[in-house]
Amino acid sequence: MPSSSSSNKLPFSSSFRPYSLFLVILFVVLLAVILVIVCTLGDASSFQWTRTHGTLNFSGTSQVFAVADPPPTSSLNPQIEERQEGIGKDKVSEKINVTSATNEVKRHGKLEKIEATLARARLAIKEAGRVQNKTSTYDDPDYVPRGRIYRNAKVFHRSYLEMERIFKIYVYEEGEQPLFNDGPCKSVYATEGRFIHELAMDNNYRTNDPNQAYVYFLPYSVVAMVRYLYVPDSHDMSPIGRTIADYVNVIANKHPYWNRSLGADHVMVSCHDWGPYSSSYAPFLYNTSIRALCNANTSEGFIPSKDVSFPEVQLKTGEIKGMLGGPSASSRHILAFFAGGRHGHIRHLLLEHWKEKDKDVLVYEQLPKHLSYDSMFKKSKFCLCPSGYEVATARVMDAIYAECVPVLISDGFVPPFSDVLNWKSFSVQVEVKDIPNIKGILSSISQKQYISLQRRVKQVQRHFVVNGPSKRFDIFHMTVHSIWLRRLNLRLGSPSGKAFDGNMSK
């Protein structure tokens, strides 16, 4: 019986042993492949970012940026959270795709090269800051920054040259006009539309290869959305906010770049008062993205370490012809001038104290018909620029264009390009509580001091001029430079969460 039993089992085991071994080997191989791909995809979705502490120092004495921590995902609106979590987990391609995994690895290889390039740029800029002489020593055929209008001229110049050399912006093509890839060019919101159009035509910064980009631009226009989506007198901004949130979700589900950084390397611009609030409908856009805003109000969510203060310029005809220049300092005989309605509590206070009450401080709610607004700016030494309903006012740029020293009266306003420009050298800043003392404050400035202030206004003017096409160091390039600074102070980390240190050999 035993021999019979063993003889019966032998044919069974001998015939199936090779097949069983093959199954085991195949299972092990498949398991290994799955683990490798899952780890790769896991790494691809786990890239982290950090904002560096005091990476760049334009003043030579204190760090420029504070640090903004990434927002916790639990704070997201559930509906938006669900959609944004789906980025990189497209339901159509839930099955493991070796090709897409390989592409993810290649993309992150390019990202590491970008981070290495940024690390070298940071080092070059820091080296420029260590030189004692604050005048730039770099050759430049167009313009060499120098003087007190800059927090540190040589550091700014080196940063600007590094930006021109390497910075690339990818513009998303999704969305149809007039809400997307378009904007106003003839209004108080003109800089919003001009930036969108200039970037569309730009050959220096714009790239058609998203893998070569340092930042990604969301080309929507809040001004256009207000015009076409907002119901007058409804006080309902939700159609605008939902449109922006839907657009972000389209970008997030179609492209891998948003999810990689949770939007930290994405940029939006808006000159409309509702720009900041409307961005809150997409929480990561509000909390982590770079927002270039005219309404740069720190009390309404503007974060100087990641957001950009965007100049507000009123272009009635779309051109600056006739707006630039004015009489010399000695030819200006009006101490201070303002004309405007009671928009907001600051203007209300200004009009209450000074409306048509003083021969030197000319303040009007309605400008007399025999006077010209533009000519009054050119005749005045100081131009009062109080905030209206929102902190930003086009009067600041009106003053700089007319070579009138701007007097900023606001709460929580971050002046444009203040990362590199020393606003105290070419403007006067008056606290709201000191509105009753405006005449005394301005009268205490000697003629010699005023001449210096006005000369610096003329010098800084080039950085706020709207050109078409754009010119180096003008408002377009300075806005791009502000965005560049935020990207410099952002490090997209490796899968381990450690900031990339620029050493490609590791």
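**H5 against H16**

I started with the packing of H5 on H16 in this predicted model. The two axes come within 11 Å of each other and cross at roughly 85°. I noted H5 as roughly perpendicular to H16, because a crossing angle of 65 to 115 degrees counts as such.

Next I listed who touches whom. On the H5 side I found Thr-191, Phe-195, Glu-198 and Leu-199, and they meet Ile-475, Phe-476, Thr-479, Val-480 and Ile-483 of H16. Sorted by class, this contact has 6 nonpolar, 2 polar and 1 charged residues.

**H4 against H16**

I then turned to helix H4, residues 153–166, which also packs on H16: their axes come within 10 Å and cross at roughly 90°. That angle makes H4 roughly perpendicular to H16. From H4 I wrote down Phe-156, Ser-159, Tyr-160, Glu-162, Met-163 and Ile-166. Their partners in H16 are His-477, Met-478, Val-480, His-481, Trp-484, Leu-485 and Leu-488. The class tally for H4 with H16 came to 9 nonpolar, 3 polar and 1 charged residues.

I was pleased to see Val-480 turn up twice: this H16 residue is in the contact with H5 and also in the contact with H4.

**Cavities**

How many cavities of 30 Å³ or more does the structure hold? I counted 3 of them.

The largest has a volume of about 90 Å³. Its lining is made of Thr-191, Arg-194, Phe-195, Glu-198, Phe-310, Val-466, Asn-467, Asp-474, Ile-475, Phe-476 and Thr-479. Two elements give two or more residues each to this lining, helix H5 (190–201) and helix H16 (475–488). Which element supplies the largest share? That is H5, with 4 residues. By class I have 5 nonpolar, 3 polar and 3 charged residues around this cavity.

This took me back to my first entry. Thr-191, Phe-195 and Glu-198 of H5 line the largest cavity, and these residues are also part of the H5 contact with H16. From H16, Ile-475, Phe-476 and Thr-479 likewise belong to the lining and to that contact.

The second largest cavity is about 60 Å³ in volume. I read off its lining as Cys-294, Ser-309, Phe-310, Pro-311, Glu-312, Ala-392, Thr-393, Val-396, Met-397, Phe-413 and Pro-416. Here the split is 8 nonpolar, 2 polar and 1 charged residues. Phe-310 was worth a mark in the margin: it lines the largest cavity and the second largest one.

**The second largest pocket**

I moved on to an open site, the second largest pocket, with a volume of about 700 Å³. It is lined by 28 residues, and those nearest its centre are Val-188, Gln-314, Ala-394, Arg-395 and Asp-398. Helix H12 (373–379) and helix H13 (395–401) are the elements that give two or more residues to this lining. H12 provides the largest share, 4 residues. How do the lining residues divide by class? I noted 11 nonpolar, 7 polar and 10 charged.

**Backbone oddities**

Most residues other than glycine have a negative phi, and most peptide bonds are trans, so I went looking for exceptions.

I found a cis peptide bond between Gln-177 and Pro-178, with omega about 10°. Pro-178 sits in the loop between strand E2 (169–171) and H5.

Another cis bond joins Gly-468 and Pro-469, with omega about -5°. Pro-469 is in the loop between helix H15 (447–460) and H16.

Glu-403 caught my eye too, since its phi is positive, near 60°, and it is not a glycine. I placed Glu-403 in the loop between H13 and strand E10 (405–409).

**Annotation check**

Last, I looked up the UniProt record, an unreviewed entry, where "transmembrane region" is annotated over residues 20–41 and 213–230. I checked residues 213–230 in the model: this stretch is 44% helix and 17% strand. The C-alpha atoms at its ends are 34 Å apart.

Technical notes:
Residues numbered from 1 in each chain as written. Predicted model: local features only at pLDDT ≥ 70, side-chain atom pairs only at ≥ 80, totals over all residues. Heavy atoms only, no water. 1 Å grid on protein atoms, 1.4 Å probe; cavity = no way out; pocket = protein on both sides within 12 Å on 5 of 7 lines; lining within 4 Å. Points joined across faces, edges and corners; volume = space filled by probe spheres on them. Nonpolar A, V, L, I, M, F, W, Y, C, P; charged D, E, K, R; others polar. Axes fitted to C-alpha atoms, helices over the stretch in contact; angles between N-to-C directions. Parallel < 35°, antiparallel > 145°, perpendicular 65-115°, else oblique. Contact = heavy atoms within 4.5 Å. UniProt positions renumbered as here; feature names shortened; annotations may be inferred.
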